[in-house]
Amino acid sequence: RSLQLTEEVVRRYQTRELTATETQDFAYAISSKALILNDLGKTQESLIEHEKSSEIAKKAFAMDENLTLALNLTVRSQRYKADIFRQRKEFERALEMYKIALDRLKAALSKSKTDPNGDLRLGITIYQIRVALMLEKIGRRAEADDLLKAAYGKYIAQIEENKENQSLVLY
């Protein structure tokens, strides 16, 4: 039932020109569909929908760079795909998806004039850890260790720098 409802929402967005915010919402609707498909065991279909969601979210972010939720979704969709590949034990493909997510965060940080709460830097740290875990899985231990040391060092520095932001500690 939830898949049918989500498909109906997706169809409604496809009937007209969308604003940047509506395009972002459309991407989220497709992402929701992808997650439902994954829960139903339809991982191949889920991968396709995650890719669609990512492309639409990139379009929304290009239309309005203030749509940080769209940026978040371009990253998250890669993570969801990586998680599927990881579950399938396709670690090289998972690594590739995590690296794409990490690169998108790094690009956003380099374009950003500010990162007041450290959210982008924290996201980069989290994805560095995910990349390191996949490097470990494929036998690239030294590279994984170096990346983990760097990531944890940055994470501790962020906590010290943003002591008032308790969400950093919770990650």
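**Exercise 1.** In this predicted model, determine how helices α3 and α4 are oriented relative to each other.

*Solution.* The conclusion to be reached is that α3 and α4 are roughly antiparallel to each other.

Step 1. Two packed helices are described by the angle between their axes and by the distance between those axes.

Step 2. For α3 (residues 43-63) and α4 (residues 68-87), the axes come within 8 Å and cross at roughly 160°.

Step 3. Angles over 145 degrees count as roughly antiparallel; therefore α3 and α4 are assigned to that class.

Step 4. The handedness completes the description: the crossing of α3 and α4 is left-handed.

**Exercise 2.** State which residues make the contact between α3 and α4, and describe this contact by residue class.

*Solution.* Step 1. On the α3 side, the contributors include Leu47, His50, Ala57 and Phe61.

Step 2. On the α4 side, they include Leu71, Leu73, Ile84 and Phe85.

Step 3. Sorted by class, the contact of α3 with α4 comprises ten nonpolar, eight polar and three charged residues.

**Exercise 3.** Describe the largest nonpolar core and identify the helices that supply it.

*Solution.* Step 1. The largest nonpolar core has 29 residues. Among those with the most contacts inside it are Ala94, Tyr98, Val131 and Leu135.

Step 2. Helices α3, α4, α5 (91-111), α6 (119-137) and α7 (141-161) each supply at least two residues of this core.

Step 3. Helix α5 provides the largest share of the core, nine residues.

Step 4. Apart from this core lies another, of ten residues, among them Val10, Leu18, Ala29 and Ala57.

**Exercise 4.** Which residues does Val131 touch, not counting residues up to four places away in sequence?

*Solution.* With those neighbours set aside, Val131 touches Leu95, Tyr98, Lys99, Leu102 and Leu147.

Notes:
Residues are numbered from 1 along each chain as its sequence is written. This is a predicted model: local features need pLDDT of at least 70, side-chain atom pairs count only at pLDDT 80 or more; totals for chains, interfaces and linings use all residues. Side-chain values use heavy atoms; hydrogens and water are left out. Axes are lines fitted to C-alpha atoms, for helices over the stretch in contact, and angles run from 0 to 180 degrees between N-to-C directions. Helices (H or I, at least four residues) and strands (E, at least two) are DSSP runs, numbered from the N terminus. Angles under 35 degrees count as roughly parallel, over 145 as roughly antiparallel, 65 to 115 as roughly perpendicular and the rest as oblique. A crossing is left-handed if the near helix is turned anticlockwise from the far one by less than a right angle, and right-handed if clockwise. Contact means heavy atoms within 4.5 Å. Ala, Val, Leu, Ile, Met, Phe, Trp, Tyr, Cys and Pro count as nonpolar, Asp, Glu, Lys and Arg as charged, and the others, Gly among them, as polar. A nonpolar core is a set of buried Ala, Val, Leu, Ile, Met, Phe, Trp, Tyr and Cys residues joined through side-chain atoms within 4.5 Å. Buried means under 20% relative accessible area, exposed over 50%, partly exposed in between (1.4 Å probe, protein chains only).
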